[in-house]
Amino acid sequence: MMLMRSLTLGLSLAFMAGCSVMQSQTQSEPVDLDSRFAVIPLGNLSQTPQAGDQAASILSALLRARGASEVELYLPADDNPLIYDNHDRQQDAIATAMDQGADIIVEGTVDEWRYKNGLDGEPAVGLTLVFRDAEDNSVIWSGTGARTGWGREGVAVAGHKVLEDLLDEMPVIEAAR
């Protein structure tokens, strides 16, 4: 009986550990939360229209919640929101952000943002974030994460959790209040 419990616990932990994965790398100094952040539309490599905009919106709110004093979300008008390639919108957002004095450009990609097929239709999210110095375009921090949620969880909830976990990995200098 004890062996069965140990085996069940071990399998449960292995299953739960397989539900998400995170990887990050710091390239220079920690990210200063007193910086002026420009969050641009994330590149959408998923099959879900506007997934990059959804993730960018959540990300900007999470940065504010973590103490970033100046976070601006740049989502230029979109002629056709069903088009997956948003490279031109990203370039417009970067140019505007730099003109307005951004210190850090927050970009990245949405690799997956969908509900998996199957009985419960679990959400599946995969994201990559890159924080760049606006002055010299060098990478300050980058991270990637993926997660599958549970059957009744929304894809935005799974995305929120991946973004939170990624931001937990990012070294920061707390904002002076």
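## A hairpin to start with

Strands S7 and S8 form a hairpin, with five residues between them, and Asn137 in the turn has a positive phi of about 65°. Keep in mind as you look around that this is a predicted model. Asn137 sits in the loop between S7 and S8, and its phi near 65° is a positive value in a residue other than glycine. That is worth a glance on screen, since most residues other than glycine have a negative phi.

## The strands around S7

S7 covers residues 123-133. How much of this strand is buried? Nine of its 11 residues are, which leaves S7 mostly covered.

S7 has a pairing with S6 and another with S8. With S6 (residues 104-115), S7 pairs in the antiparallel sense over 11 bridges. If you would like a landmark for this pairing, find Trp113, whose bridge partner in S7 is Val125. With S8 (residues 139-148), the pairing is again antiparallel and runs over nine bridges. Here a handy landmark is Leu127, which stands opposite Gly145 in S8.

## Two helices that pack together

Now turn to the helices. Two packed helices are described by the angle between their axes and the distance between the axes. For H2 (residues 51-65) and H4 (residues 155-169), the angle is about 45° and the axes are 10 Å apart. Angles of 65 to 115 degrees count as roughly perpendicular and those under 35 degrees as roughly parallel; H2 and H4 are therefore oblique to each other. Their crossing is right-handed.

Which residues make the contact? From H2 come Ala55, Ile58, Leu59, Leu62 and Leu63, and these meet Ala156, His160, Leu163, Glu164 and Leu167 in H4. Sorted by character, the residues of this contact divide into eight nonpolar, one polar and one charged.

## Another positive phi, before H2

Where is Gln50 found? Look in the loop between strand S4 (43-44) and H2. Gln50 has a positive phi of about 65° although it is not a glycine. Is Gln50 buried or exposed? With a relative accessible area of 36%, Gln50 falls in between and is partly exposed, because buried means under 20% and exposed means over 50%.

## Points to take along

For a quick tour, begin at the hairpin of S7 and S8, then follow S7 across to its antiparallel partner S6. From there, move to the oblique packing of H2 and H4, and finish at Gln50 in the loop between S4 and H2.

Conventions
Residues are numbered from 1 along each chain as its sequence is written. This is a predicted model: local features need pLDDT of at least 70, side-chain atom pairs count only at pLDDT 80 or more; totals for chains, interfaces and linings use all residues. Side-chain values use heavy atoms; hydrogens and water are left out. Axes are lines fitted to C-alpha atoms, for helices over the stretch in contact, and angles run from 0 to 180 degrees between N-to-C directions. Helices (H or I, at least four residues) and strands (E, at least two) are DSSP runs, numbered from the N terminus. Angles under 35 degrees count as roughly parallel, over 145 as roughly antiparallel, 65 to 115 as roughly perpendicular and the rest as oblique. A crossing is left-handed if the near helix is turned anticlockwise from the far one by less than a right angle, and right-handed if clockwise. Contact means heavy atoms within 4.5 Å. Ala, Val, Leu, Ile, Met, Phe, Trp, Tyr, Cys and Pro count as nonpolar, Asp, Glu, Lys and Arg as charged, and the others, Gly among them, as polar. Buried means under 20% relative accessible area, exposed over 50%, partly exposed in between (1.4 Å probe, protein chains only). Two strands pair if DSSP finds at least two bridges between them.
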